[in-house]
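Please open the model in your viewer and keep the sequence panel beside it. The tour below goes from one selection to the next.

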Amino acid sequence: DPQQTELATASKRKLRRFIVIDEVVDKLYGSKVREYFEENNVQHKILALPTTEETKSMDLVLNILHEVQSFSLDRRTEPIIAIGGGVCLDIVGLAASLYRRRTPYIRVPTTLLSYVDASVGAKNGVNFLQCKNKLGGYTPPVASFLDRSFLQSIPRRHISNGLGEILKMALMKHKGLFDLLKNHGKYLLDTKFQSCNGFAHHGDAALQTTRIAIETMLEELAPNLWEDDLDRLVDFGHLISPELEMRVLPSLMHGEAVNIDMAFMTYVAHARGLLAAEDKEQILQCMRGLELPVWHSGCSWALIQRALRERLKHSGGQLRMPLPTGLGVADIFNDTSEETLERAYELWVKD
């Protein structure tokens, strides 16, 4: 807002910022962040916290809010800044939405998963009673700042983890994105999504992949930001994965759990006759190429049944099951029989 910018720069009051940063990110980049605010003469408070699925709770939200209150933010002109992965962005988003009913906040994602997923949309939340994101709301950030250079320092497994959410959008909406992942997946893992000179035969696969993933995500989320319509293609991979992820913590990361869900649903689509055998094999081959798990011993038939019962409770009494009907095309189904699901599960386990 130009008017607010003018007011902020013309004001005699010193600029102030409250920053929540993941403690691992703080060790890597904290000195640069502090140097930035000092160089720009900004009074700041940096709160470094352990932001993991295990600590993603209202206790941590309240911890942040105590610190915010002590710092005494102006709730309209001094946005809270979140620097970290998806868990950090979710927790800070919820804290900001609660403080004085709504305080603006800025997302700075530092993992691939948060770059293409948590940075987009309005949702925030925390885990509650061993259920993933059971408490939360819809408060979009005033901005998301995307910088792929953060990805240089994350482990290879975290790159693979983010590729799970990118593959979700490819399978649901974009054959070209699927081809990028299939053809350049190893390169993206090896280079950690950095745009490298001297690799002309790959083009700028990192930029293309992240841009298409975010654009397709926005196409789905923007018209339905508050989830008034529960038929959502972006729910692919999120029917059984929340139950699985929370059940086996911390052995699976979010994108890995999502991919296991997507692998099973690929078998369901094939069992229903929606997906040709060669397309099913291409999808599984791509998943393995991205170094993503396609099965987990914790994903029992009983867990799948329990997860789908939960799904029915929270999606208006219908499964609303997104399934691929080809590569990059999909639809939502409410009529998948238990017999089909069990047949798909048996084949999945056997394979």
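Start with Thr139, which sits in the loop between strand 6 (131-138) and strand 7 (143-144). The model you are looking at is predicted. Is Thr139 buried or exposed? Its relative accessible area is 12%, and Thr139 is therefore classed as buried, since the cut-off for that class is under 20%. Now show what surrounds Thr139. Setting aside neighbours within four places in sequence, Thr139 is in contact with Ser97, Arg102, Tyr105, Arg107, Ala122 and Asn124.

From that list, keep Arg102 selected, as Arg102 is one of the contacts of Thr139. Arg102 also belongs to a patch of positive charge on the surface, together with Arg76, Arg100 and Arg101. Add those residues to the selection and turn to Arg76. Where is Arg76 placed? Arg76 lies in the loop that runs between helix 3 (58-71) and strand 3 (80-84). With a relative accessibility of 41%, Arg76 counts as partly exposed.

Next, select Ser114 in helix 5, which covers residues 112-118. Ser114 has a relative accessibility of 1% and so counts as buried. Which residues touch Ser114, apart from its neighbours within four places in sequence? The contacts are Gly84, Gly85, Gly86, Leu89, Pro109 and Ser119. Among them, Gly84, Gly85 and Gly86 can be picked as a single range in the sequence panel.

Move on to Asp26, in helix 2 (residues 23-39). Asp26 has a relative accessible area of 18%. That value is under the 20% cut-off, so Asp26 counts as buried. Leaving out neighbours within four places in sequence, Asp26 is in contact with Ile21, Ser31, Arg34, Ile46 and Ala48. For a distance check, pick the C-alpha atoms of Asp26 and Pro79: the separation is 19 Å, and the two residues are 53 residues apart along the chain.

The last stop is a patch of negative charge. Select Glu338, Glu339, Glu342 and Glu346, which form a negative patch on the surface. Glu338 lies in helix 13, residues 338-350. How accessible is Glu338? Its relative accessible area is 46%, so Glu338 is partly exposed.

To finish, display both patches together: the positive one of Arg76, Arg100, Arg101 and Arg102, and the negative one of Glu338, Glu339, Glu342 and Glu346. Then add Thr139, Ser114 and Asp26, the buried stops of this tour.

Technical notes. Residues are numbered from 1 along each chain as its sequence is written. This is a predicted model: local features need pLDDT of at least 70, side-chain atom pairs count only at pLDDT 80 or more; totals for chains, interfaces and linings use all residues. Side-chain values use heavy atoms; hydrogens and water are left out. Patches are made of residues with over 30% relative accessible area and no salt bridge: like charges are joined within 9 Å, nonpolar side chains (Val, Leu, Ile, Met, Phe, Trp, Tyr) within 5 Å. Accessible areas come from the Shrake-Rupley method with a 1.4 Å probe; for residues, only the protein chains shown count as cover. A salt bridge is a side-chain nitrogen of Lys or Arg within 4 Å of a carboxyl oxygen of Asp or Glu. Lys and Arg count as positive and Asp and Glu as negative; His and the chain ends are not counted. The place of a charge is taken as NZ of Lys, CZ of Arg, CG of Asp or CD of Glu. Helices (H or I, at least four residues) and strands (E, at least two) are DSSP runs, numbered from the N terminus. Buried means under 20% relative accessible area, exposed over 50%, partly exposed in between (1.4 Å probe, protein chains only). Contact means heavy atoms within 4.5 Å.
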